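Biologist: Could you walk me through this one while I have it open? I would like to start with whatever term you need before we get to particular residues.

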Amino acid sequence: MHPFLFRSALFVSALTLAGCNGSDSDDATGDDTASPYTLQLLHFADVDGGGTAAMFNVDNFSALVDHFRTAMPDNTLLVSSGDNYIPGPIFQASGDPRMDAVVGVADEGRGETQIQNRLGLQVSAVGNHDLDTGPAGFAGIIAPDGAYPGAQFPYISSNIDFSADAATAGLLVSGGQEASTIAGKVAPSAVITLNGERIGLVGAVTPTLPAITSVGNLAILPAGFVVNDEGSLDALAAVIQTEVDALRSDDINKIILLSHMQVLNVERALATRLEGVDIIVGGGSNTILANNGDTLRDGDAAADDYPLMFTSSVNEPVLLVNTDGDYKYLGRLLVNFDSEGVILTDSIDNSQSGAWASIDSIVTQQNATPVAGVTAVADIIRNILGEIDGTAYGVTNVFLDGRRSFVRSRETNLGNLSADANLWYASAMTLTAPPLVSVKNGGGIRAPIGRIVSPAGSTSAADLQLLPPAGNDFGKPEGGISQLDIQTAFAFNNGLALVTMTAAELRDLTEEMIKGNFTHTAGLRLRFDPTATARSAGDTNRGLLTDGQRVIDLDVLVDPTAVSEAARWDRIVENGVVVGDPNRSFRVVALDFLANCAAPAASPFATANCGDGWPFKGLLNPDHKSLLEADVANNDPGEVDFSRTGGEQDALAEYLMEFHGDSAQAYNVPFDVNERLIPVSP
């Protein structure tokens, strides 16, 4: 069902609205004689950029939260729809002993959680990045531990079986309890009572969770979920509806779904399928919903209106809201409910509800002041980050593009540089059968390396200047690529793993790589048709039986020193057909997140699922080898020691030191934004 075409009237006070019907249908009329209930919903999600931006946005963000909450202290909710932290520089900085002063006991992820405590966060959905260190890591971040207070709010999800993993089973409590009484716990739902009104909150996360993070033994419902599949969406809605109905049976008629679905279209689909849900707060997509009058950050544009409006399965209004992450915006929804708990849509004023940018001009305009407790935590983290931004391992003359929309749709210069680094590093670490091919997924690149500058007075994205990194007073030169840059761009610091693939298996892998979750490569040359039939889902390699038809020509670089073109390249696919012996083999290096599903079952590195569903299962002779294994550590080039041997951060830093260590050898390959084919690696 399509959203209503909606343009709100001026906000009408609760007193004036008494006796007015602001609903769009007869079923949503409610009691015209009762005074409506006003709710101020403040929301955020996706503190997962992996970089430092969140720590430079959070002061202003806290000022806006405090300003709006102070104006309506008895009717305000502050919620998150998940991804409250992500492995990366900020996450790691929280383990510095200096953090003891603000978190009690320093450890990874605790600084971000303490900031959210001091913001007054009341409840959060579980996001995929909240589980990136596994259920045990998640439990260690949210549960109290001596002097560390833990999360002073609960995490909720109605479609995760927390009892299935020992690390979270002890934190699980039943749904429908007051959020303030179950801080540091996990539950399917929670209740917050505001000024005598009980607001129900239900959590839900994308059922694709096992493919995109570390779920341990957690079970996620519904099984076999496929995005945009009608049956899958119906099944997901049914799981969520069960918890919604439990709240409704307890006489709660105002219900909010905190939904971390990664794709806003899934939340759109849920809005028309659920009964009794009034507001859905999206998460995971970083989609900016905003109104025409909202002031956005330079270079940003709204994807749609705020809020989006739908009708439920029983013909009642449902609102969908979402904002961008890293504390860039505070979402604010000011809305009235009638006595039956039905939203009065005419109560929404677009000058009040929308995306509030956490920028100086907005904070000054509102005469708002940052929360001192938040600033105290952020100051220590910022000082730690400043120190690791002073050591440079390489130099670039160009902006290294790691922006989300680009690395997930084509190969950028940063993706290409990292893939080259992984290939060189794995070759140096391997005594026999070095790899010829390097592949990595775009989702593993979390940020660019460089500066995005908007000229004074410009409001056009076309005017943005993409510049190399700036030098700083900590010792970083102009164009320097620092430890912080590397840790920010490759926040997950995935390990590297080697597998052997046949020509036919490599073709099927390539079909998956160009299907939508774009890859970055070294050692491959590819020509493909993006309009042809895409490979269907499945992480088992189909070899010659692949149903993908996009690859036209595919070559592997087997001898870069050879004079003739024919000697340099081995053609794998020509005109859509595998040529030569389909079982000839090639060694491939990939992120272990993608390839550890090819490890033997007895291996400590073995995983049940291939990350992002890449087809590394069922290989003819995978011969899986992790570069994290101790027997290859002695082959580490050894010029860098800030990151673990065998990981992608160490690979890039070592590669930069070897080939781009100073301005005379600076990296100088610009990114062509119009290039959509995978280029030959330099």
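Modeller: The term to settle is "buried", which here stands for a relative accessible area under 20%, whereas exposed stands for over 50%. Please keep in mind that this is a predicted model.

Biologist: Fine. Is Cys610 buried or exposed, then?

Modeller: Cys610 has a relative accessible area of 1%, so it counts as buried.

Biologist: And what does a disulfide join Cys610 to?

Modeller: The disulfide joins Cys610 to Cys597, with an S to S distance of 1.9 Å. Both cysteines are placed in the loop between helix H18 (592-595) and strand E30 (625-626), 13 residues apart. The link of Cys597 and Cys610 is right-handed, with 95° about the S-S bond, and Cys597 is buried too, at a relative accessible area of 11%.

Biologist: How many disulfides turn up in the whole structure?

Modeller: A search of the whole structure gives 1 disulfide.

Biologist: Switching to aromatics: how many pairs are there?

Modeller: There are 12 aromatic pairs in the structure. One of them is formed by Phe44 and Tyr327, whose ring centres are 5.6 Å apart with the planes at 45°, so the pair is described as tilted.

Biologist: Where do those two sit in the chain?

Modeller: Phe44 belongs to strand E1 (residues 37-44), while Tyr327 is in the loop between E14 and strand E15 (329-337), so this pair ties together parts that are 283 residues apart in sequence. Phe44 is buried at 2% relative accessibility, and Tyr327 is buried with a relative accessible area of 2%.

Biologist: Which other ring pairs with Tyr327?

Modeller: Phe61 and Tyr327 also form a tilted pair, at 4.9 Å centre to centre and with 50° between the planes. Phe61 lies in helix H2 (residues 53-71), so that pair ties together parts 266 residues apart in sequence. Ring pairs thereby link Phe44, Phe61 and Tyr327 into a cluster.

Biologist: Which residues touch the most other members of the largest nonpolar core?

Modeller: That core has 65 residues, and those touching the most other members are Met99, Ile115, Phe138, Tyr155, Tyr327 and Ile381. There is also a second, separate core of 56 residues, which includes Val244, Val266, Leu270 and Ile279.

Biologist: Val266 and Leu270 are in H10, right? How many residues of H10 are buried?

Modeller: Yes, both are among the buried residues of H10. Helix H10 (residues 264-273) is mostly covered, with 7 of its 10 residues buried. Those buried residues pack against helix H9 (230-248) and against strands E11 (255-260), E12 (279-281), E13 (308-311) and E14 (317-321).

Biologist: Now charges. Where does the charged end of Arg110 sit?

Modeller: The charged end of Arg110 is over the ring of Tyr148, at 4.0 Å from its centre. Similarly, Arg525 lies over the face of Trp569, at 4.3 Å from the ring centre.

Biologist: One last arginine: is Arg535 buried or exposed?

Modeller: Arg535 is buried, with a relative accessible area of 2%, and its place is in the loop between strand E25 (524-528) and strand E26 (551-557). A polar atom of the Arg535 side chain lies 2.9 Å from the backbone oxygen of Gly538.

Biologist: And what does Arg535 touch further off in sequence?

Modeller: Not counting residues up to four places away in sequence, Arg535 touches residues including Asp508, Glu511, Glu512, Asp547 and Pro615.

Conventions
Residues numbered from 1 in each chain as written. Predicted model: local features only at pLDDT ≥ 70, side-chain atom pairs only at ≥ 80, totals over all residues. Heavy atoms only, no water. Core = buried A, V, L, I, M, F, W, Y, C linked by side-chain atoms within 4.5 Å. Buried < 20%, exposed > 50% of the residue type's maximum accessible area, 1.4 Å probe, protein only. Helix = DSSP H or I, 4+ residues; strand = E, 2+ residues; numbered from the N terminus. Polar contact = N/O pair within 3.5 Å; in protein donor to acceptor, adjacent residues only side chain to side chain. Contact = heavy atoms within 4.5 Å. Phe/Tyr/Trp six-rings, centres within 6.5 Å; stacked < 30°, edge-to-face > 60°. Lys NZ or Arg CZ within 6 Å of the ring centre and 35° of its normal. Disulfide = S-S within 2.5 Å.
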